[in-house]
Amino acid sequence: MQRRILFVILSLAVTIGTVFIPIMDASEVQAASEYSNLEKSINGIMSDSRMKAVNSSVTVRKASTGEIIYQSDADKKITPASTLKLLTSAAALDTLGEEYRFTTEVLTDGTVSKGVLNGNLYVRGQGDPTLLKADLDQFSAQLKKQGITKITGNLIGDDYWFDNVRLSPSIDKSDETYYYAAQITGLTLSPNNDYDAGTVIVEAAPTKKGYKAKVKLTPETGILKVVNRTNTVPKGSKNTLSIKRQIGTNNIIISGNVPVGSSGKKEWVTVSNPTAYTLDVFKKSLASKGIKFAPSSVVRRGLSPADGQVLAAKKSMPLKDLMKPFMKLSNNTHAEILAKTMGRHTYGEGSWNAGLRVMREFADSIGLDSSAWRFEDASGMSHSNKVTSAQMTELLFLVRSAPWYASFIQGLPVAGANERFVGGTLRNRLTSPLVQGKVIAKTGSLNHVNSLAGYAETKDGETLIFSILTQDQKSSTISLIDKIATVIATSAH
């Protein structure tokens, strides 16, 4: 890990009796004067009744020196939501390296004779969140090219790169069906190029009046059982479609009315046991290439042989490129996979305990106060996660000197940029010409929690670092957060 020497700024004071009067040097007086308008403007927003009604922590620093130029409860611990991913991504880049790639292998313990693979076929994963059906099709094509048409053994998924705990403590049962709470395994599959690993895209479209909706799964898989309780209703009627996975099962319950002529409904639904899901889609892919298993063959989980013959393999994009779908789209699954990967890389244990330990040690190594950071996941899903805005901005200051900073910054959402993989979660925010493209920051949102932390370029071309954390609100504080970000980006001195 990178080790850095921090500057310690000492304040002088004159003692008069028991009263300590700080003496500001010339540079501090100048800074206070230079940013007085910024302070006044932010204080005006902080005095809004909506902001007064919430718990918040706000800090603004100069990117050039790290000097704090504005603070409001800077050391108050607030739930960061997805701005915690700033620490996760920095720790991952530092621990694993920008060029780190996930590997997935197809191997066997048998031999091929006259088109028959006499032995088992294994798929060994390292948690690659970018594995697609197209990759499985490529594996199948490679096996076909090697002349394999039949497999006498079993299809076995090796997901032991990670431990058996699939959900972090922060995931409530009511969240389990949704894409942002996918199960984390060493072998998983994504349905699209957003890389929402561990999910299936479920679409329900209208048919004829009085008939059930037509259901489509992407990718097609038999691991899910669709329970269709829908009804196609006349054009103009209300769309009441609901698509959810029944907790603890792979039953997808689709219910409600879908109007004729409507687009229906589309949901990214998590699967229970992504390893079995990946194997199921792979087996279908093999069959499509004319590769069949013996009647006695089964599909199961198991360890692959260390000396097995590798028949096909895929390496993911490098970590520096994964930063875009991970951070710009705030992908929770990527965060948790990276945490377990860091644990496996550093301590030989693909668990949350090991991964979060690496994150804390990274924070210590660069000079952060890890005691001011409390987290039980890597994505920011938990309301128990806490951090101060002072520490968040300190992180954002320190990473600027890291050799991987370019990869870190290119992953952050850009204010008002329409392209999804540029603007990300900020593409529909801060769209005013005054600030569009001038704020590059990570968003955060949970029930009763909103946050934003990153960098802003001012009118003078100066870069300022900021963190705005809010919790316990009755309604969203996003508009107020964006006002503060706008003030920072349009400030001048």
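This report describes two helices in contact, a further helix and its packing, and two arginine residues in a predicted model.

**Helices α4 and α7**

Helix α4, spanning residues 85-96, and helix α7, spanning residues 319-328, have axes that come within 11 Å and cross at roughly 170°. Because an angle over 145 degrees counts as roughly antiparallel, α4 is classed as roughly antiparallel to α7. On the α4 side the contact is made by Lys85, Leu86, Thr88, Ser89, Ala92, Leu93 and Leu96, while α7 contributes Leu319, Met323, Phe326 and Met327. Sorted by class, the residues in this contact of α4 with α7 are eight nonpolar, two polar and one charged.

**Helix α5**

Helix α5 has 13 residues, 133-145, and at 1.5 Å a residue it should span 18 Å, which agrees with the 18 Å between its end C-alpha atoms. The buried residues of α5 are Asp135, Leu136, Asp137, Phe139, Ser140 and Leu143, and these buried residues pack against strands β5 (103-108), β8 (121-124) and β19 (309-315) as well as helix α6 (274-288). After α5 comes Gly147, which has a positive phi, near 90°.

**Arg61 and Arg400**

Arg61 is found in strand β3, residues 55-62, and it counts as buried because its relative accessibility is 7%, the cut-off for that class being under 20%. Arg400, by contrast, is found in the loop between α10 (389-398) and α11 (405-409), and with a relative accessible area of 32% Arg400 is partly exposed.

The polar contacts of these two side chains are set out below.

| Side chain | Partner | Distance |
|---|---|---|
| Arg61 | backbone oxygen of Ala390 | 3.0 Å |
| Arg61 | side chain of Glu394 | 3.2 Å |
| Arg400 | side chain of Tyr405 | 3.4 Å |

Leaving aside neighbours within four places in sequence, Arg61 is in contact with Gly66, Glu67, Ile68 and Ile69, with Ala390, Thr393 and Glu394, and with Leu464 and Ile465. Ala390 and Glu394 therefore appear both among these contacts and as polar partners of the Arg61 side chain, the former through its backbone oxygen and the latter through its side chain. Arg400, not counting residues up to four places away in sequence, touches Ala63, Tyr405, Tyr455, Thr463 and Ile465. Ile465 is thus listed as a contact of Arg61 and also of Arg400. Finally, Arg400 and Pro433 are 33 residues apart along the chain, and their C-alpha atoms are separated by 26 Å.

Technical notes: Residues numbered from 1 in each chain as written. Predicted model: local features only at pLDDT ≥ 70, side-chain atom pairs only at ≥ 80, totals over all residues. Heavy atoms only, no water. Axes fitted to C-alpha atoms, helices over the stretch in contact; angles between N-to-C directions. Helix = DSSP H or I, 4+ residues; strand = E, 2+ residues; numbered from the N terminus. Parallel < 35°, antiparallel > 145°, perpendicular 65-115°, else oblique. Contact = heavy atoms within 4.5 Å. Nonpolar A, V, L, I, M, F, W, Y, C, P; charged D, E, K, R; others polar. Expected span 1.5 Å × (residues − 1). Buried < 20%, exposed > 50% of the residue type's maximum accessible area, 1.4 Å probe, protein only. Polar contact = N/O pair within 3.5 Å; in protein donor to acceptor, adjacent residues only side chain to side chain.
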